[in-house]
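Let's take a walk through this structure together, one region at a time. Please keep the model open beside the text as you read.

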Amino acid sequence: MRRWLTRVLWLLVVLLIVVIAIVWGLLRGSLPALDGTQPLAGLQAPVSVTRDALGVVTIDAGSQADAMQALGLVHAQERYFEMDLMRRTAAGELAALFGPAAVEMDQRMRVHRLRARTRAHLAEAIGAQPEVIQAYVAGVNAGLAGLRVRPWPYLLLRQPPAPWAAEDSVLTGLAMYADLQDPGNQDELAMARLRDVVPPPLYALLAHDGSEWDAPLFGPPRGNARLPGADVLDLRRPLAVPPTTTAARAEPDVHGSNTMAVAGALTADGRAIVADDMHLGLRAPNLWFRVRLRYPDPQAPGGKVDVTGFSLPGLPAIVVGSNGYVAWGFTNSYIDNADFVPVPAAAPGTVDGIRRYEERIQVAGQPDVLLQVRESAWGPVLHTRADGSGEALRWTAQLPGALRLDFAAMARAGNLDEALRIADHAGIPTQNLLLGDRNGRIAWRLIGARPDRAAGCPPAGAAQPAAAHCAPWPIRSDRSPALVDPPSHRLWTANGRVLDGEALAVAGNGGYDLGARGRQIRDGLLARDRFTEADLLAIQLDDRALFLARWWTLLRQVVERSDDPALQRLEAASRHWDGRAGIDSVSYRLARGFRGKVVDALTAGLLAPAKAQLGDQYLAPRLAQFDGVAWPLVTERPPHLLPPTYPSWDALLADAARQLETDLAAQGPDLAQRTWGERNTAAICHPISRALPAFARRWLCMPAEALPGDRDMPRVQGPAFGASQRMVVAPGHEADGLVHMPGGQSGHPLSPFWGAGHEDWVKGTPTPFLPGRTVYRLDLTPGTAR
């Protein structure tokens, strides 16, 4: 019996070893080839692909088409699954991979029918050089076919990867629209519903569009709101409905970034320097892929392209970077890119003018789900009432030209003026473009597709439906506002309002961020007369808590003389103001939490009348500029604007502090241990990790390290949100450039480049902008691919 048990145990051990060996072999089979020689059909000349210790790729080719074919191969072998997620996100096709859990998400995107629209206007999206995208697509499919085993996530999902097509590259770009803009336009709809049911003075307060923190490039700050008198608005009157809850709001992420530039007048040798860090959801691997492309091009200065920067797997282009003559970076513009239009109910027996489509959503392991899409001349009907009326949405991403691959021509721009001309034809989500050239010049302009609304139609961002006489608007990307060679020799953007006056009225307000981050960057630029790359990186890494300093002072006023035991514990923990969002800071976490509780109470009181009247139709608005209202409220303390559930302003503030103490004490009795780093801990994981059991997830995540920084300061860092890259570079001086990137280059956990460079991003340690010494070299030769 004992001998039999021993044999069984040995068999189980052998079986386990065999299973592990098979799994290990399958995982290694999906790793790309990094060294050697590989034939690739379609190449016109040999191409070299080298990688440095961080996996940063350099491609040397004999033509743009060959370079893009090699880039496609590299993208596919390092990131095919992530590319697949991008195209499926835009098209609403995730359920085909992930099953029923993704159906609702697919329905929200499929209503826009972006794949069907892309197919209908593919030639316009591909642009003037279709052979380039064709070469890229060929490279992608060759790279996928060249792997001995399908990319490892497909093994877990038990799904085969579908081949790549030109329309998929367009959809990859459209996925950025979905990330940077709101496909449902919920904020505008929420504000429109508020406007319909609350008194105009209350709506004006909620819609206040600025604060004393504004730092626009044009015009003055809006300033804080002027609070209405009791004769105009009184929340204590019977009109007001007491709030039933002050449940914490989910603070929205800022999708957009920081950029700054200084002209040659402010540098020792006349170089212009551009700094860019794009704030997005963070994952492993990173969204971006670092690459340097070198190839002959008769249209480029000197007859060749040498461009380094960040590519987006799925697109044959450098998205931000420098080509030796021009450097460029982006922040999300937050102009108004969408309009709701009322759809009336059709009279019985009449034609309603609505087109109807049946979209079939494939679901892994389940029958297909059919989605009925109703579409007016303005766009898909997103909301339908029982009588057939509703609201249709017109969104720039739906229209021909929203995504055009001609922006890749930025790689050959020879100076600022050429770059601005290329920007006229850029089909991308509307961005703030910052440029610097090797002559020391700098510029800002809006770039990308934006609505071309007719004169006399409601101004953008008015949170009201289009007038009956207004025709559906087209999009345009030329004749954008710009600021070239500013007298201050400095430029900055940080998702806040940039424009003023008539230009702002045309562009509209699509949810500009609070200006605190932008003002901190502006003031950092104004504090110096000379700059190097390291100086701009220091501004990018600035985690000083200037915005929250006065909220800490207010908290101290609340707790200093209280005999409430809870507030006394807060008083003891908050005595020292660190002044930074450092990982060891307790005072920062307390000040931030206190402000959040106060804002929850204030918004609950102001929004209570709308919630009561709208019921199920109520949508919570994103009040990005609310500090311009909150601070006057808590400093002026008008009795008539006190939320009705509180007997006094002192009671509201004390209750906010008490709630904060309760929340923190639930995590441990010693408030001195409740640091910001405990709250702000990295949770940066591969997308597939959510489908795995908890014990296995850690293998697909970056280390759970405490992160300095926060949203209202230049160093934007959250658990899974923040700077998806940092770049500081002077065109013509790329060797002095600096860069950071979280998450690493490769999407394979067995790759030497999994997480490579992530630790430098966490610590803020500078990494050279240009690729380092070659560690791996793969030579691609014309011939038949394996």
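In what follows, two residues are in contact when they have heavy atoms within 4.5 Å of each other. Please also bear in mind that this is a predicted model.

With that cut-off in hand, we can begin at R522, a residue of helix α14 (residues 516-526). Once its neighbours within four places in sequence are set aside, R522 is in contact with D214, A215 and W492. R522 also has a partner right beside it in the chain: its side chain makes a polar contact with the side chain of D523, at 2.9 Å.

From here, turn to the eleven-stranded sheet. Its strands follow the order β1-β27-β2-β3-β7-β8-β9-β10-β16-β17-β20, and they form an open sheet with mixed pairing. Which strands stand at the edges? They are β1 (36-40) and β20 (482-484), each of which pairs on one side only. Going from one strand to the next, the twist averages 25°.

Two places in this sheet deserve a pause. One is the pairing of strand β2 (residues 47-51) with strand β27 (residues 776-782): the two run antiparallel and are joined by five bridges. Here you can find T50 standing opposite R777 in β27. The other place is where helix α12 (residues 416-423) packs on the sheet, touching β10 (326-332), β16 (431-437), β17 (442-447) and β20. The direction of α12 makes about 155° with that of β16.

Next comes a three-stranded sheet. It is open and antiparallel, with its strands in the order β11-β15-β14. Because β11 (338-343) and β14 (381-384) are the edge strands and have a single partner strand each, one side of each is left without a neighbour in the sheet. On average, neighbouring strands of this sheet are turned by 25° against each other, direction ignored.

Look more closely at β11 and strand β15 (residues 390-395), which pair in the antiparallel sense over six bridges. In this pairing, A338 stands opposite W395 in β15. A helix accompanies this sheet too: α10 (residues 186-197) packs on it and touches β11, β14 and β15. The direction of α10 makes about 50° with that of β11.

R374 is a good residue to visit next. It lies in strand β13 (residues 366-375), and its side chain makes a polar contact with the side chain of T384, at 3.1 Å. How far is R374 from I442, 68 residues apart along the chain? The C-alpha atoms of R374 and I442 are separated by 46 Å.

Our last stop is the space inside the protein. Rolling a probe the size of a water molecule over the atoms shows where empty space is left. How many cavities of 30 Å³ or more does a search of the whole structure find? It finds nine, and the largest cavity has a volume of about 360 Å³. This cavity is lined by 25 residues, of which L315, V319, F330, I428 and P429 are the closest to its centre. The elements that give two or more residues to the lining are α9 (166-180), β6 (279-281) and β9 (318-322). Of these, α9 supplies the largest share, with three residues. As for chemical character, the lining of the largest cavity divides into 18 nonpolar residues, six polar and one charged.

Conventions. Residues are numbered from 1 along each chain as its sequence is written. This is a predicted model: local features need pLDDT of at least 70, side-chain atom pairs count only at pLDDT 80 or more; totals for chains, interfaces and linings use all residues. Side-chain values use heavy atoms; hydrogens and water are left out. On a 1 Å grid over the protein atoms alone, a cavity is a set of points where a 1.4 Å probe fits but cannot get out, and a pocket is an open set with protein on both sides within 12 Å along at least five of seven lines; lining residues have an atom within 4 Å of a point. Grid points are joined across faces, edges and corners, and a volume is the space filled by probe spheres set on the points. Helices (H or I, at least four residues) and strands (E, at least two) are DSSP runs, numbered from the N terminus. Ala, Val, Leu, Ile, Met, Phe, Trp, Tyr, Cys and Pro count as nonpolar, Asp, Glu, Lys and Arg as charged, and the others, Gly among them, as polar. Two strands pair if DSSP finds at least two bridges between them. Axes are lines fitted to C-alpha atoms, for helices over the stretch in contact, and angles run from 0 to 180 degrees between N-to-C directions. A polar contact is a pair of N or O atoms within 3.5 Å; within protein, one must be able to donate a hydrogen and the other to accept it, and residues adjacent in sequence count only if both atoms are side-chain atoms.
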